[in-house]
Amino acid sequence: MFYLCTPIFIPKTLEKETIYILAIESSCDDTSAAVLKNDTVLSNVVASQEIHEEYGGVVPELASRAHQQNIVPVVNQALAQANIDKKQLSAIAFTRGPGLMGSLLVGTSFAKSLALGLDIPLIEVNHMQAHILAHFINDASMAKPSFPFLALTISGGHTQIVKVSDYFKMEILGQTLDDAVGEAFDKSAKLLGLPYPGGPLIDKYATHGNPLKFPFPKPKVKGLDFSFSGLKTSILYFIQKKTAHNPNFIKENLEDICASVQYTIVNILMDKLKKATKLTGIKEVAIGGGVSANSGIRKALKDVQKSHQWNVYLPNFEYCTDNAAMIGIVGYLKFKNKDFSAQDITAKARYAIS
Ligand code: KG4
Ligand code: ZN
């Protein structure tokens, strides 16, 4: 066996003027491409895959096929919206992991080929780091946290409290022992007969419901770790019991059930976050990941900002759920550090944040 020599590309003109990054995200079921001019987003195109709705969850095989179909038009649209020609690009950043292997392979292979073809550097990005570093996108409507800060990363695959001491110095203080919080939302929604992804629908129905109508138990988990599998089971038993007496129970109480589920989940998250600020003495708190779009968690954080004198950072909605702009900001930060990847880099389905 022999290995081809794959040197890391170092551009001669590294210190020069403006940096244009093309970023690609394909870790789950959204194909996204963005163009950044330094730390400013020029375009951020996301193609969501509706095919998974009918299966009640992401089907990995279908996701990778859809990425194959979407990636070229999505990248072309991102370049067109940014009014940038491929030849102007300084580097290609891509999501290396964590995520679904088949999905990651599409973005990784595309990014490698394009960087090779254009003879520009390639930059690998950790998806969960990107959810956190999205806060450093230059956007007048978003304030930037100061180091050190605590990040609550809440998505369909993760639930973590991370201490962020610097851009690339992150330490996990606590995480879920079973389901991620996004899964808890989606699985609860499925039990209520709502389509995938159910998180945004629970949020929508919760707006008009009574959060105290149906109390659900909160798990007892030590330290800063989380658990959501028990909640799912108690919702299942609750629904089974209620519908046995009244088949229309869900329909008649949907808003109150959604509000109660959301209230319980938000309380679980907030309790641990409060504990983390007490243990670390850090009152700079940022959230990231798809579930940070949830109105319940956003409101709870704004309330605690006042009552506990925290500085709370909420990303704009377009930077909460999976998007390539967050990959682009990490690409920009790594470009400045000359932190480039070799052409033999591979996708990583499991990829720790630190
Ligand atoms: O970060 P993300 O887009 O993909 C992953 O990396 O997992 O997160 C997707 C998750 C899904 O579970 C979805 O239901 C949830 O985020 N989500 C929400 C809301 N918007 C998205 N959950 C609750 N309320 C929302 N508004
Ligand atoms: Zn994500």
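Student: What makes the pair of side chains of Thr-31 and His-67 a polar contact?

Tutor: In this predicted model, the side chains of Thr-31 and His-67 are joined at 2.8 Å. A polar contact requires a pair of N or O atoms within 3.5 Å, and the 2.8 Å of Thr-31 and His-67 therefore satisfies that limit.

Student: Why is Thr-31 called buried?

Tutor: Thr-31, which is placed in strand 2 (residues 30-37), has a relative accessible area of 1%. Buried means under 20%, so Thr-31 belongs to that class.

Student: What makes Gly-281 count as exposed?

Tutor: The relative accessibility of Gly-281 is 61%. The class of exposed residues begins over 50%, so Gly-281 falls within it. Gly-281 is found in the loop between helix 7 (249-280) and strand 9 (284-288). Its C-alpha atom is separated by 10.0 Å from that of Phe-149, 132 residues apart from Gly-281 along the chain.

Student: Why is Lys-338 called partly exposed?

Tutor: Lys-338, in the segment after helix 9, has a relative accessible area of 44%. Buried is under 20% and exposed is over 50%, with partly exposed in between; Lys-338 at 44% is therefore partly exposed.

Student: Which value of phi does Lys-338 have, and why is it worth noting?

Tutor: Phi of Lys-338 is near 55°, a positive value in a residue other than glycine. Most residues other than glycine have a negative phi, so a positive value departs from the majority. Asp-119 also is not a glycine and has a positive phi, of about 60°; Asp-119 lies in the loop between helix 2 and strand 5 (122-126).

Student: Where are cis peptide bonds found?

Tutor: One joins Gly-97 and Pro-98, with omega about -5°. Pro-98 lies in the loop between strand 4 (91-97) and helix 2 (101-118). Another joins Tyr-196 and Pro-197, where omega is also about -5°, and Pro-197 lies in the loop between helix 4 and helix 5. Most peptide bonds are trans.

Student: What makes His-127, His-131 and Asp-322 protein donors of the zinc ion (ligand 2)?

Tutor: Their atoms, NE2 of His-127, NE2 of His-131 and OD of Asp-322, lie 2.1 to 2.2 Å from the zinc ion. Donors are N, O and S atoms within 2.8 Å of the metal, so these atoms meet the criterion. Along the chain the donors follow the spacing H-x3-H-x190-D. One pair links distant parts of the chain: His-131 in helix 3 and Asp-322 in the loop between strand 10 (311-313) and helix 9 (325-336), 191 residues apart. Both His-131 and Asp-322 are buried.

Student: How do you know that ligand 1 lies between domain 1 and domain 2?

Tutor: Domain 1 (20-134 + 321-336) and domain 2 (143-314) both give residues to the shell around ligand 1, so ligand 1 lies between them. Helix 3 (127-133), helix 4 (181-191) and helix 5 (199-206) each supply at least two residues of that shell. By class, the shell has five nonpolar, 11 polar and three charged residues.

Student: Which side chains have an N or O atom paired with an atom of ligand 1, and at what distances?

Tutor: An oxygen atom of ligand 1 is 2.6 Å from a side-chain N or O atom of Asp-186. A nitrogen atom of ligand 1 is 2.9 Å from such an atom of Asp-203, and an oxygen atom of ligand 1 is 2.9 Å from one in the side chain of Asp-322. The protein covers 90% of the 550 Å² of accessible area that ligand 1 has on its own.

Conventions: Residues numbered from 1 in each chain as written. Chains lettered and ligands numbered in written order. Predicted model: local features only at pLDDT ≥ 70, side-chain atom pairs only at ≥ 80, totals over all residues. Heavy atoms only, no water. Polar contact = N/O pair within 3.5 Å; in protein donor to acceptor, adjacent residues only side chain to side chain. Areas by Shrake-Rupley, 256 points an atom, 1.4 Å probe, with all protein chains shown as cover. Helix = DSSP H or I, 4+ residues; strand = E, 2+ residues; numbered from the N terminus. Nonpolar A, V, L, I, M, F, W, Y, C, P; charged D, E, K, R; others polar. Domains from an automatic or database assignment. Donors = N, O, S within 2.8 Å, 3.2 Å for Na, K, Ca; no water. Buried < 20%, exposed > 50% of the residue type's maximum accessible area, 1.4 Å probe, protein only.
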